[in-house]
Amino acid sequence: MSKMKSKFRPKAKKPTASQTWCVDVYEHENGWGQRLEDHFEFPSEEEALEYAHKANLEFAKGGDDDCFALAHPPYKKGEN
């Protein structure tokens, strides 16, 4: 039965490296600098931009001048 189900399940297409957009989230701490907190991959630039914008709005609510997170602008995988 599971073989039968798998035949009809749509296969998710993984984006190729040239189609993958990345957003890196860094933690910035006064006196310590920055460190990579998270890395996210998206199939389109629009989705990456939307995530970065929404994430930065949320981060602004919880951070202060001494310690905060920041989603950096999206970039194409393989270009950075």
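**Exercise 1. Which residues, together with R35, are linked in a network of salt bridges?**

Solution. Start with the term: a salt bridge is a side-chain nitrogen of Lys or Arg within 4 Å of a carboxyl oxygen of Asp or Glu. Side chains of opposite charge can pair when their charged atoms come close. The network joins E27, R35 and E37.

Before going on, note the origin of the values. The model is predicted, so local features need pLDDT of at least 70 and side-chain atom pairs count only at pLDDT 80 or more, while totals for chains, interfaces and linings use all residues. Residues are numbered from 1 along each chain as its sequence is written, and side-chain values use heavy atoms, with hydrogens and water left out.

**Exercise 2. State how confident the predictor is along the chain.**

Solution.
1. The score is pLDDT, the predictor's confidence in each residue, from 0 to 100.
2. The chain has a mean pLDDT of 82, and 75% of its residues reach 70 or more.
3. Residues 1-12 stay under 50. For these residues the model has zero contacts (heavy atoms within 4.5 Å) beyond four places in sequence.

**Exercise 3. List the elements of the chain in order.**

Solution.
1. Helices (H or I, at least four residues) and strands (E, at least two) are DSSP runs, numbered from the N terminus.
2. There are two helices and four strands.
3. Read from the N terminus on, the order is α-β-β-α-β-β.
4. Of the contacts between residues at least 6 apart in sequence, 55% join residues at least 24 apart.

**Exercise 4. Check the length of helix α2 and find which of its faces is buried.**

Solution.
1. Helix α2 covers residues 45-62, which is 18 residues. The expected span of a helix is 1.5 Å times one less than its number of residues, so α2 should span 26 Å. Its end C-alpha atoms are 26 Å apart, which agrees.
2. Next, sort residues by exposure. Buried means under 20% relative accessible area, exposed over 50%, and partly exposed in between (1.4 Å probe, protein chains only). In the chain of 80 residues, 20% are buried.
3. In α2 the buried residues are A48, A52 and A55. Seen down the axis of α2, they fall within an arc of 75°, so they line one face of the helix. The arc is that of the directions from the helix axis to the C-beta atoms.
4. These buried residues pack against β1 (21-29), β2 (33-42) and β3 (67-71).
5. The face turned away from the buried side carries the exposed residues E46, H53, A60 and K61.

**Exercise 5. How many salt bridges does the structure hold? Describe three of them.**

Solution. The structure holds five salt bridges. Take three in turn.

*R35 and E37.* The closest N and O atoms of this pair are 3.2 Å apart. R35 lies in strand β2. R35 is partly exposed, with a relative accessible area of 46%, and E37 is also partly exposed, at 40%. Leaving out residues up to four places away in sequence, R35 touches V25, Y26 and E27.

*K61 and E58.* Here the closest N and O atoms are 3.1 Å apart. Both residues lie in helix α2, three residues apart, about one turn of the helix. K61 is exposed, at 66% relative accessible area, whereas E58 is partly exposed, at 47%.

*K77 and E41.* The N to O distance is 3.2 Å. This pair links distant parts of the chain, with K77 in the segment after β4 (75-76) and E41 in strand β2. The two residues are 36 apart in sequence and 8.3 Å apart in space, C-alpha to C-alpha. K77 is partly exposed, with a relative accessible area of 37%, and E41 is partly exposed at 42%. Apart from residues up to four places away in sequence, E41 touches T20, W21, C22 and K77.

**Exercise 6. What is the accessible surface of the chain, and what share belongs to carbon and sulfur atoms?**

Solution.
1. Accessible areas come from the Shrake-Rupley method with a 1.4 Å probe; for residues, only the protein chains shown count as cover.
2. The accessible surface of the chain comes to about 6600 Å².
3. Carbon and sulfur atoms account for 54% of this surface.
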